[in-house]
Amino acid sequence: MPAVSPDTRTGYSGMSIAVDLGATNLRAGLVDPDGRILQLQVSRLPKDLPDARVVTDQIVREIRALAPGRELSKATGIGIGAAGPVDSTRTAIMHPPNIPLDNIPLAGPLSDAFGLPVYVANDCCTGLLGEAYYGEGSRTDNFVYVTLSTGIGAGILSRGHLVLGRDGNAGEIGHVFVDEKYDLVCGCGGRGHWEGYASGRFLPRFYRAWQEKNGIDPGREPVNTAEDIFAAIRQEKDPENHPFVAELGRINARGVSDIIVAYDPDTIVFDGSVALKNPDLIIGPIIRFMDRYLPEPRIVTSPLAGKAPLLGAAVIARGYETRYGSVEY
């Protein structure tokens with residue numbers, strides 16, 4: 001598995017600058033051609049974002065902290081996996097449902113700052129590539145990469161080829177319809193979407209709605225985060241059979257069932273903080289409740305410790321042509 005290493009004695013020529021722009025965290029890394037992360041910078045995005053320049057300025061600062069400027073100029077390029085639909089020019093993200101900005105230009109500001117080519121893709125596409133090159137996905141030509149984090153999204157590999165869609169945004173699986181019982185509004189404005197229930201951002205609201213519908217006293221301590229929910233459930237005698245775990249499992253299984261009939265994968269790889277921190281409370285209930293119309297895929301969690309999108313961004317930093325097809329749609 002690729003590892004973070006301080007060893008940069010080999011120099012910077014041929015290295016990739018990789019950026020994972022999530023809805024909560026920003027990661028920037030210097031990655032060698034073998035997928036070793038030689039330097040890593042991690043920071044949180046500010047909650048208040050008056051304009052897109054705040055984001056791009058933060059990315060520039062984190063990249064500059066990786067190495068001296070003259071050494072960064074020797075890198076092959078900058079690859080960005082971004083949380084949000086990518087525009088048709090592949091230079092910006094537009095209307096990201098979990099970042100409160102309408103449009104975030106990326107390629108222009110970073111190219112101006114570093115004088116390097118900049119390649120931008122949806123973070124689930126880069127997550128898929130990271131998994132395909134260095135993780136569980138390297139074992140198969142038919143798999144779906146799913147992230148359960150602040151939002152929910154997917155990347156698809158079918159018969160060894162990337163499935164991208166018209167503008168590279170295929171796999172926005174967080175916006176499939178999974179429920180009408182609670183009728184919750186998603187960040188995109190739609191109702192009943194998977195992301196509006198099971199993502200880290202919306203899990204607390206779903207939990208409170210479930211408590212209300214079942215007449216459960218929420219108690220004195222408010223549940224404000226996904227971590228709060230799972231910590232409270234783990235205090236129970238049998239957390240894996242907690243009724244909310246079952247209800248969440250039904251929602252997640254509905255989304256997974258849609259993935260199976262849409263893409264017929266032999267493997268589904270889960271990533272993202274919600275899944276990686278709680279595999280016993282997430283994966284087991286999915287397997288229990290998912291449909292079995294088509295053959296059941298293998299369902300696993302990523303071995304890359306949340307770094308798949310960063311490693312995939314390093315892949316496209318060398319250009320949009322990959323061993324699984326072009327990311328240039």
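Mentor: Before we start, two strands count as paired if DSSP finds at least two bridges between them. Keep in mind that what we're looking at is a predicted model.

Trainee: Okay, so how many residues does the hairpin from β8 to β9 run through?

Mentor: Start with the two strands: β8 covers residues 143-148 and β9 covers residues 152-158. They pair in the antiparallel sense over six bridges, and L148 has I152 as its bridge partner in β9. The hairpin joins β8 to β9, and the number of residues it goes through is three.

Trainee: Which residue in β9 stands opposite V146?

Mentor: V146 is one of the β8 residues that point the same way as V144 and L148. Look across to β9, and the residue opposite V146 is A154.

Trainee: And which strand does β8 run parallel to?

Mentor: The open sheet has five strands in the order β10-β9-β8-β11-β12, with mixed pairing. With β9, the pairing of β8 is antiparallel. V144 has a bridge partner in another strand, I268. Five bridges make the parallel pairing, and the strand on the far end of them is β11.

Trainee: Which strands are at the edges of that sheet?

Mentor: Go back to the order, β10-β9-β8-β11-β12. An edge strand here pairs on one side only, and that fits residues 161-163 and residues 298-301. Those are β10 and β12.

Trainee: Are the residues of β8 buried or exposed?

Mentor: In a regular strand the side chains alternate between the two faces of the sheet. Here F143, Y145 and T147 point one way, while V144, V146 and L148 point the other. The cut-off for buried is under 20% relative accessible area. Six of the six residues in β8 come out as buried.

Trainee: Which helix packs on the sheet and touches β8, β9, β10 and β11?

Mentor: Look for residues 123-134, whose helix direction makes about 125 degrees with that of β8. That helix is α4.

Trainee: How is α4 oriented against α11?

Mentor: Two packed helices are described by the angle between their axes and the distance between the axes. For α4 and α11 (residues 308-316), the axes are 6 Å apart and the angle is about 90 degrees. Angles of 65 to 115 degrees share one label, so α4 against α11 is roughly perpendicular.

Trainee: How many residues of the α4 and α11 contact are nonpolar?

Mentor: From α4, the contact includes L129 and Y133, and from α11 it includes L311 and V315. Four of the contact residues are polar and two are charged, and the nonpolar ones number nine.

Methods. Residues are numbered from 1 along each chain as its sequence is written. This is a predicted model: local features need pLDDT of at least 70, side-chain atom pairs count only at pLDDT 80 or more; totals for chains, interfaces and linings use all residues. Side-chain values use heavy atoms; hydrogens and water are left out. Helices (H or I, at least four residues) and strands (E, at least two) are DSSP runs, numbered from the N terminus. Contact means heavy atoms within 4.5 Å. Axes are lines fitted to C-alpha atoms, for helices over the stretch in contact, and angles run from 0 to 180 degrees between N-to-C directions. Buried means under 20% relative accessible area, exposed over 50%, partly exposed in between (1.4 Å probe, protein chains only). Angles under 35 degrees count as roughly parallel, over 145 as roughly antiparallel, 65 to 115 as roughly perpendicular and the rest as oblique. Ala, Val, Leu, Ile, Met, Phe, Trp, Tyr, Cys and Pro count as nonpolar, Asp, Glu, Lys and Arg as charged, and the others, Gly among them, as polar.
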